[in-house]
Amino acid sequence: MVSSSMKSGLYLGFGSVLVVIGAIMAACWPPLFMKQLQKMMVLTNESMSFEMWREPPVPMYLECYLFNMSNVDDILAGKNVKPRLVQLGPYVYREIHTKENMTWNNENNTLTYFNQRWWHFQPEMSNGSLSDNITSINPIIVSVAYELRYNNVLERILANAFLRLIHENMFVTANVTSWLFDGIEDPLLNIASQIPFLPYDLPYDKFAWFYERNGSLTFDGSFNMNTGAADFSQLGNIEMWQYSNRTMYRDECGAVRGSTGELWAPELGQQEVYVFAPDMCTYLILPIDKELTVEGITGVQYAANDSVFDNGHKYPHMACYCAAQRDADCVPAGALNVSACRLGAPAFVSLPHLLHAAPHYRDRVDGLHPLPEHNFRLTLEMFTGMPLAVSAQLQINFLVRHYAGMSLNNQF
């Protein structure tokens, strides 16, 4: 029979052993977990993450909304009215990614690749048909006016006279599939392609937001990404894009940085994340927003705020998206000038419905209704860096200004 004092000694001994084991586990578990995580996540052609990254198995969808300008007749009649926009859509496409032409660069632990994408229309998920007609600004006319904005007035008058031989006004109506993928024909593009002495090359014979992108191997450009082998915290970061670590923006805004959104290192304690967006030739900074549970898994949501396209008006670190000597090309906060990234067209990126933007924009049109649900959001599981939810929402806009001598462009 064991005495009570002996029992107490045994319990104390066993308890001490358990405490020691617990202390050892507490000390050893995080390094063991991180080592195993690195083994699974560091990108090699044999790692668990590789196939998931190369061709993501989770269904992805592109939801396109387009604004139809519903009062063009009033504008052309010279009435003092704002453009009235009516949002149509979504027109939903299944999006498929695959990484191709991969080169492993073991000397610096990076991987060079191309991102090939396909889009397939999903009529059952869409609100509308690809045959729906959309009336909007003719992008060719406003691009010519924007390109000539610093030329002398006589040159603009001559260009305007030539444009008026082809176009009656600055608007165009086409169906959804033409605006998105198939392309809108314009006689000006055909004529320009026959002129050998133009100071710039026109690579396309039509205009569409995704013209010649479906299935293109090279449109998104060449990416050079960190595999995380030497420094796990750099996993998924883009080191070079289009064979350079710089884009056309000045100072820090021209750096190539951030993840494309498919592969992340654990983001424990990170107050902000960087998302590289090749369509903008730059990156987005998403500050931490809140803790969120997705399908029972706890993660942290990062979301855009009013700093994302600020242009330095309130946040000095964003001033490098404008010229050092701020000029008329530096627009009010809320829209980023990506014209240098988009063949010189007056393209400006914002959040949908100009969310977080200066009132300047919404005062000039009717039909914009920004809501919190329009925000750009990303939720990551902190220990693995796995994306739990992604709502990558952006809006492309054309800037239209009056330029002396360009009456065709000055119809608002």
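Strands and helices are DSSP runs, numbered from the N terminus. The model toured here is a predicted one.

**First stop: a glycine between two strands**

Select Gly228, which sits in the loop linking strand 8 (222-226) with strand 9. Is this glycine buried or exposed? Buried means under 20% relative accessible area. Gly228 has a relative accessible area of 1%, so this residue counts as buried. Show its surroundings next: leaving aside residues up to four places away in sequence, Gly228 touches Val42 and Leu235. Then select Ala347 as well. Gly228 and Ala347 are separated by 119 residues in sequence and by 35 Å in space, C-alpha to C-alpha.

**Second stop: the sheet with strands 8 and 9**

Colour strands 1, 2, 3, 8 and 9. They form an open sheet of five strands in the order 1-2-3-8-9, and the pairing is antiparallel. Which strands stand at the edges? They are strand 1 (60-69) and strand 9 (238-241), each of which pairs on one side only. From one strand to the next, the twist averages 35°.

Now restrict the selection to strand 1 and strand 2 (residues 85-105). These two run antiparallel and are joined by nine bridges. Within this pair, Met69 stands opposite Leu85 of strand 2. Remain on strand 2 and select Pro90, which is found in that strand. The peptide bond between Gly89 and Pro90 is cis, with omega about 10°. As background, most peptide bonds are trans, and most residues other than glycine have a negative phi.

**Third stop: two residues with positive phi**

Select Tyr243 in the loop between strand 9 and strand 10. Its phi is near 65°, a positive value in a residue other than glycine. Then select His353, located in the loop between strand 14 (347-350) and helix 8 (359-362). The phi of His353 is near 60°, again positive in a residue other than glycine. Which of the two words, buried or exposed, applies to Tyr243? Tyr243 is exposed, since its relative accessible area is 59%. His353, by contrast, counts as buried, at 5% relative accessibility.

**Fourth stop: an enclosed helix**

Select helix 4 (residues 139-147). How many of its nine residues are buried? Eight are, so the helix is largely enclosed by the rest of the structure. The buried residues of helix 4 include Pro139, Ile140, Val142, Val144 and Tyr146. Add Asn138 to the selection: this residue caps the N-terminal end of helix 4, with a side-chain oxygen 2.9 Å from the backbone nitrogen of Ile140.

**Fifth stop: the second sheet**

Colour strands 10, 11, 12, 15 and 16. Here an open sheet of five strands follows the order 10-11-12-15-16, with antiparallel pairing. Strand 10 and strand 16 are the edges; each has a single partner strand, so one side of each is left without a neighbour in the sheet. The twist in this sheet averages 30° from one strand to the next.

The individual pairs can be followed across the sheet. Strand 11 (residues 282-294) and strand 12 run antiparallel and are joined by six bridges. Leu292 has Gly299 of strand 12 as its bridge partner. Strand 12 (residues 297-303) in turn pairs with strand 15 (residues 377-380) in the antiparallel sense, over four bridges. In that pair, Val300 stands opposite Leu380 of strand 15. Strand 15 also pairs with strand 16 (residues 387-391), antiparallel and over four bridges. Thr379 has Ala389 of strand 16 as its bridge partner. Six residues lie between the two strands of this hairpin, and Gly385 in the turn has a positive phi of about 75°.

**Last stop: the nonpolar cores**

In soluble globular proteins, nonpolar side chains tend to be buried together. Select Trp53, Met280, Leu286, Phe309 and Val338: of the 50 residues in the largest nonpolar core, these touch the most other members. Which strand gives this core its largest share? Strand 10 (residues 272-277) does, with five residues. Then centre on Met280. Not counting residues up to four places away in sequence, Met280 touches Tyr249, Phe309, Leu336, Val338, Cys341, Val349 and Leu394. Apart from this core lies another, of 49 residues, including Leu62, Ile137, Val144 and Phe181. Val144 also belongs to the buried part of helix 4.

Technical notes:
Residues numbered from 1 in each chain as written. Predicted model: local features only at pLDDT ≥ 70, side-chain atom pairs only at ≥ 80, totals over all residues. Heavy atoms only, no water. Core = buried A, V, L, I, M, F, W, Y, C linked by side-chain atoms within 4.5 Å. Buried < 20%, exposed > 50% of the residue type's maximum accessible area, 1.4 Å probe, protein only. Contact = heavy atoms within 4.5 Å. Pairing = 2+ DSSP bridges. Axes fitted to C-alpha atoms, helices over the stretch in contact; angles between N-to-C directions. Polar contact = N/O pair within 3.5 Å; in protein donor to acceptor, adjacent residues only side chain to side chain.
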